[in-house]
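Biologist: Thanks for sitting down with me. Could you take me through this one, a strand at a time and then on to the ligand?

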Amino acid sequence: MGNIRVGIVGLGRLGRIHAENIANHVPGSVLQASCSINPEDLAFAKESFNVSETYRTFEEMIESPNLDAVCIVSPSDFHPEHIRQAMDKGLHVFCEKPIGLDVADIKQTIDVIKAHPSQIFQLGFMRRYDESYQYAKKMVDEGQLGELTVIRCYGIDPSSGLEQFVKFAGASKSGGLFADMSIHDIDLVRWFTKKEVSRVWAMGKNAAYPALDQVNELETGAAMMQLTDQTMAILVAGRNAIHGYHVETELIGTKGMLRVAAQPEKNLVTVFDEHGAVRPMSEHFSERFKEAFINEMKEFIACIKECRQPEVSAFDGLQSTRVAIACQKSVETSQIIDVQYELHHS
Ligand code: NAI
């Protein structure tokens with residue numbers, strides 16, 4: 001099989017990273033086309049990656065006879081429709097998280113994906129492709145921590161990204177803090193435990209950034225969850241980590257516990273200066289998960305070439321969005337919310 005020709009939609013904060021990876025870091029793939037409503041994005045794609053086809057609409061791009069696959073990095077509320085359109089055109093699909101913001105819409109999308117079983121579908125839960133998370137997952141699967149009892153997750157964006165986030169949230173639907181940020185942690189909880197979340201209690205607080213009230217977004221949220229086997233999960237999500245990009249996960253089991261990125265360090269350097277001994281922190285998702293973004297795209301291309309479906313499925317997308325919606329509802333109603341779940345992974 002020759003190079004896989006990919007068309008990308010969305011060239012914003014993350015789209016530019018995927019574009020670069022497809023063009024330069026994933027052997028066997030070619031960035032054939034790009035699509036954005038913003039002409040500056042298209043000029044950037046031409047200049048930076050020598051993309052031969054550029055389009056202002058997704059519908060036009062998928063009409064191109066030169067594509068094998070699409071990479072969907074458009075705003076979250078476009079994902080379901082873009083997935084359905086690309087699948088119906090016979091294209092393989094990589095889609096960023098969340099798969100969608102509405103359960104009925106996602107279910108309809110899953111029906112379309114299922115109707116095209118020979119086309120690859122992968123969802124962008126890139127943490128599963130991070131070296132440290134894979135190491136932790138292996139330990140859990142081998143039973144080294146015993147039976148898991150509690151999972152604690154922090155997913156907090158840097159304050160430095162807040163201005164850009166307010167623009168992003170004002171211009172499109174993010175789905176709120178839980179669908180946008182905690183969705184990664186919800187996926188990790190399901191991935192590590194192989195269990196579903198059965199109920200959640202969540203709350204939030206805005207303190208430092210009134211601009212977030214205006215776009216109806218939370219600055220900090222916390223959720224407590226119970227899984228089907230009584231395992232507990234505690235999630236903290238936010239947009240105001242003054243020190244950098246704080247993604248940390250703790251797994252507590254009957255035989256031991258582990259932490260991934262107990263301090264979200266940038267590297268192995270310690271600086272000794274007037275502040276004392278300083279460990280620089282990871283600044284942004286693009287830095288912390290640089291390799292994971294490349295690894296997940298390599299997996300997508302490998303799946304296409306080897307005719308196999310990846311581990312991260314559309315069903316994982318549906319379940320994680322269901323939990324995120326329940327968290328949002330819990331904040332709004334101050335109630336504990338039961339989450340609907342299906343026990344079979346299809
Ligand atoms: P952004 O707002 O920076 O970029 C969105 C891009 O889509 C822009 O190029 C915009 O012009 C384009 N666009 C908007 N509407 C469009 C349409 N109808 N047709 C074609 N292009 C359109 O957004 P960002 O931060 O890059 O997020 C994009 C997606 O990636 C979101 O779904 C977000 O949840 C996800 N994301 C995932 C991350 C991860 O950790 N895996 C990190 C950041 C974002």
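Biologist: How many bridges join strand 8 to strand 15?

Modeller: Bear in mind that this is a predicted model. Strand 15 covers residues 337-338 and runs antiparallel to strand 8. Within strand 15, Asp338 is the bridge partner of Arg199. The number of bridges joining strand 8 to strand 15 is two.

Biologist: Strand 8 also pairs with strand 9. Which residue in strand 9 is the bridge partner of Gly204?

Modeller: Strand 8 spans residues 197-205 and strand 9 spans residues 220-227. They pair in the antiparallel sense over eight bridges. In strand 9, the partner of Gly204 is Gly221.

Biologist: Lovely. Now the ligand: how much of its exposed area does the protein bury?

Modeller: There are 28 residues around the ligand, with Arg13, Ser36, Asp41, Ser76 and His79 the closest. An oxygen atom of the ligand is 2.7 Å from a side-chain N or O atom of Arg13, and a polar side-chain atom of Asp41 lies 2.6 Å from a ligand oxygen. Of the 860 Å² that the ligand exposes when taken alone, the protein buries 88%.

Biologist: And what is the volume of the largest cavity?

Modeller: The structure holds one cavity of 30 Å³ or more. Its lining includes Arg13, Asp157, Phe165 and His284, and the lining residues divide into three nonpolar, two polar and three charged. The largest cavity has a volume of about 50 Å³.

Technical notes. Residues numbered from 1 in each chain as written. Predicted model: local features only at pLDDT ≥ 70, side-chain atom pairs only at ≥ 80, totals over all residues. Heavy atoms only, no water. 1 Å grid on protein atoms, 1.4 Å probe; cavity = no way out; pocket = protein on both sides within 12 Å on 5 of 7 lines; lining within 4 Å. Points joined across faces, edges and corners; volume = space filled by probe spheres on them. Nonpolar A, V, L, I, M, F, W, Y, C, P; charged D, E, K, R; others polar. Pairing = 2+ DSSP bridges. Helix = DSSP H or I, 4+ residues; strand = E, 2+ residues; numbered from the N terminus. Near = heavy atom within 4 Å. Polar contact = N/O pair within 3.5 Å; in protein donor to acceptor, adjacent residues only side chain to side chain. Areas by Shrake-Rupley, 256 points an atom, 1.4 Å probe, with all protein chains shown as cover.
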